[in-house]
Amino acid sequence: MRDLPPHLNLWKKQLGRVPDSVWEQTDLETLVLAENSLTEVSDKIGRLTRLRMLDLGHNALTEVPGRLGDLEGLTDFLYLHDNRLSALPASLGRLTKLRYLNISENAFQEFPECVCSMSGLTELRVSDNSLASLPDSIGRLSRLRELHLRNNTLAALPEAFGMLQELRHIDLRGNPLAQLPDAIAALPRLEKLDLRWVEKLIPPPWLANLEERGCVVYR
């Protein structure tokens, strides 16, 4: 019998549901299930322990299975954007090797606490949700280089931002921010602070210093 391929791309195949045969391919390293009108994903996904990349974006998911947290080998990408998610299972906090997570374009009103346990993240995208605040525990993402929060309802940010010493890029476009934490001014590697369409912000004095340091700051 021919060995099954380690990569499976089922993008835009109008599946409706994932065939059970997919969950038998336990040697898969990448799995793309984007744009298939999926409303659920089987717990059997936990069998795919060799996955490095999983794309469930552009579907109609209202939840993801807790067994997703069994995929502790996920290192490269996890795409959950453009679904109908309002929460994530706590088990996803076990994905400590994951470097890229996209949960944009969903229905999150609260920041998923499990994300703060994903200590390997270097890029996090949570744009186009309804987040009104961020937890102090976001400071645990000490390897984060890019944080995308465009088009939420954030009025303030926690001082814990000061713990994100690797941050290069912060996208805050389209939020009703009235102020920024002073901790941002001390981030040593910050290259871009995007404040377009942040109309209520009273610019703090240190914002001019960031401009002088060469950061790209839009107001």
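## Worked exercises on a predicted model

Aspartate 171 has its place in strand S8, residues 169-171. Keep in mind that the model is predicted.

**Exercise 1.** Work out whether aspartate 171 is buried or exposed, and what its side chain meets.

*Solution.*
- Start with the accessibility: aspartate 171 comes out at 2%. Buried means under 20%, so aspartate 171 counts as buried.
- Next, look for a polar partner. The side chain of arginine 173 makes a polar contact with that of aspartate 171, at 2.7 Å.
- Finally, skip the neighbours within four places in sequence. Aspartate 171 is then in contact with Leu147, His148, Leu149, Arg150 and Asp194.

**Exercise 2.** Do the same for glutamate 113: find where it sits and which residues it touches.

*Solution.*
- Glutamate 113 is in the loop between strand S5 (100-102) and strand S6 (123-125).
- Its relative accessibility is 42%, so glutamate 113 counts as partly exposed.
- Not counting residues up to four places away in sequence, glutamate 113 touches Pro135, Ser137 and Arg140.
- With serine 137 there's a side-chain polar contact of 2.7 Å.
- For a sense of distance, try glutamine 165: from glutamate 113 it is 52 residues away in sequence, and the C-alpha atoms are 20 Å apart.

**Exercise 3.** Trace the sheet: give the strand order, the sense of pairing and the edge strands.

*Solution.*
- The order is S1-S2-S3-S4-S5-S6-S7-S8-S9-S10, so to speak a plain count upward: 10 strands in an open sheet, with parallel pairing.
- At the edges stand strand S1 (7-9) and strand S10 (216-218); each has a single partner strand, so one side of each has no neighbour in the sheet.
- On average, neighbouring strands of this sheet are turned by 5° against each other, direction ignored.
- Now zoom in on one pairing. Strand S2 (residues 30-32) and strand S3 (residues 53-55) pair in the parallel sense over three bridges.
- For valine 32, the bridge partner in S3 is aspartate 55.

**Exercise 4.** Find how many aromatic pairs there are, then sort out the geometry around tyrosine 100.

*Solution.*
- The count comes to three aromatic pairs.
- Take phenylalanine 77 with tyrosine 100: the centres are 5.1 Å apart and the planes are at 65°. Planes over 60 degrees apart count as edge-to-face, and that's the label for this pair.
- Phenylalanine 77 belongs to strand S4 (residues 77-79) and tyrosine 100 to strand S5, so this pair ties together parts 23 residues apart in sequence.
- Check the exposure as well. Phenylalanine 77 is partly exposed at 33% relative accessibility, whereas tyrosine 100 is buried, with a relative accessible area of 12%.
- Then take tyrosine 79 with tyrosine 100: ring centres 5.3 Å apart, planes at 55°, so the pair is tilted.
- Tyrosine 79 lies in strand S4 and tyrosine 100 in strand S5, so here the linked parts are 21 residues apart in sequence.
- Put it together: ring pairs link Phe77, Tyr79 and Tyr100 into a cluster.

**Exercise 5.** Which ring does arginine 196 lie over, and at what distance from the ring centre?

*Solution.*
- The ring is that of tryptophan 197, and arginine 196 lies over its face.
- The distance from the ring centre is 5.6 Å; the cut-off for a charge over a ring is within 6 Å.

Terms used: Residues numbered from 1 in each chain as written. Predicted model: local features only at pLDDT ≥ 70, side-chain atom pairs only at ≥ 80, totals over all residues. Heavy atoms only, no water. Helix = DSSP H or I, 4+ residues; strand = E, 2+ residues; numbered from the N terminus. Buried < 20%, exposed > 50% of the residue type's maximum accessible area, 1.4 Å probe, protein only. Polar contact = N/O pair within 3.5 Å; in protein donor to acceptor, adjacent residues only side chain to side chain. Contact = heavy atoms within 4.5 Å. Pairing = 2+ DSSP bridges. Axes fitted to C-alpha atoms, helices over the stretch in contact; angles between N-to-C directions. Phe/Tyr/Trp six-rings, centres within 6.5 Å; stacked < 30°, edge-to-face > 60°. Lys NZ or Arg CZ within 6 Å of the ring centre and 35° of its normal.
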